[in-house]
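Open the model in your viewer and keep the selection tool at hand. The tour goes stop by stop.

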Amino acid sequence: RAPSTPSSPRIVGPVCWLQLGPPPALFPAGCYVYGTVGTGKSTVMDLFCLTALKGWRAQRQHFHEFSLWMHQELHSMRRANSEP
């Protein structure tokens, strides 16, 4: 579901949406969270899973575990495609 477009003017810093017209509709395809150790990346993802999924199931997985799984899956797909 795309986020709703504001219908009333909003002041965002020095910019007024009334002068620029309504903002374009957003169609986010994903999100990339980055930062150094201890900056709260995992906490942000935990909060997202608790509040935003609305009944969808999510698997809690550390980035390194995900990377290892992805590498293994790509390797097995390549092996399956190369065998006659």
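**Stop 1: the pocket lining**

Start with α2, which gives the most to the lining of the largest pocket: six residues. This is a predicted model. Select residues 41–51 to show α2, then add α3; each of these helices supplies at least two residues of that lining.

Now show the whole lining. It has 24 residues. Centre the view on Val 33, Lys 41, Met 45, Gln 61 and Phe 63, which lie nearest the centre of the pocket. The space inside comes to about 970 Å³. Colour the lining by residue class. You should get 14 nonpolar, seven polar and three charged residues.

**Stop 2: the whole chain**

Zoom out and switch to cartoon. How many helices and strands does the protein chain have? There are three helices and two strands. Trace them from the N terminus: the order is β-β-α-α-α.

Next, turn on the surface. The chain exposes about 8300 Å². Carbon and sulfur atoms supply 62% of that area. Now colour by burial. Of the 84 residues in the chain, buried ones make up 4%.

**Stop 3: the nonpolar patch**

Select Phe 63, Phe 66, Trp 69, Met 70, Leu 74 and Met 77. Together they form a nonpolar patch on the surface. Their joint accessible area is about 580 Å². Phe 63 should be familiar from the first stop, as one of the residues nearest the centre of the largest pocket.

Pick out Trp 69 in the patch. This residue sits in helix α3, which spans residues 63–82. Why does Trp 69 count as partly exposed? Its relative accessibility is 40%, and the partly exposed class lies between 20% and 50%.

**Stop 4: Cys 49 and the loop**

Go back to α2 and select Cys 49, which is found in that helix. Is Cys 49 buried or partly exposed? It is partly exposed, because its relative accessible area is 33%.

Now move to the loop between α2 and α3 and select Gln 59 there. Gln 59 is exposed, with a relative accessible area of 67%; the cut-off for that class is over 50%.

Draw two C-alpha distances from Cys 49. The one to Gln 59 is 9.1 Å, across 10 residues of sequence. The one to Arg 60 is 8.7 Å, with the pair 11 residues apart in sequence.

**Last view**

Keep α2 on screen with the pocket. Cys 49 belongs to this helix, and α2 contributes six residues to the lining.

Note on methods:
Residues are numbered from 1 along each chain as its sequence is written. This is a predicted model: local features need pLDDT of at least 70, side-chain atom pairs count only at pLDDT 80 or more; totals for chains, interfaces and linings use all residues. Side-chain values use heavy atoms; hydrogens and water are left out. Patches are made of residues with over 30% relative accessible area and no salt bridge: like charges are joined within 9 Å, nonpolar side chains (Val, Leu, Ile, Met, Phe, Trp, Tyr) within 5 Å. Accessible areas come from the Shrake-Rupley method with a 1.4 Å probe; for residues, only the protein chains shown count as cover. A salt bridge is a side-chain nitrogen of Lys or Arg within 4 Å of a carboxyl oxygen of Asp or Glu. Helices (H or I, at least four residues) and strands (E, at least two) are DSSP runs, numbered from the N terminus. Buried means under 20% relative accessible area, exposed over 50%, partly exposed in between (1.4 Å probe, protein chains only). On a 1 Å grid over the protein atoms alone, a cavity is a set of points where a 1.4 Å probe fits but cannot get out, and a pocket is an open set with protein on both sides within 12 Å along at least five of seven lines; lining residues have an atom within 4 Å of a point. Grid points are joined across faces, edges and corners, and a volume is the space filled by probe spheres set on the points. Ala, Val, Leu, Ile, Met, Phe, Trp, Tyr, Cys and Pro count as nonpolar, Asp, Glu, Lys and Arg as charged, and the others, Gly among them, as polar.
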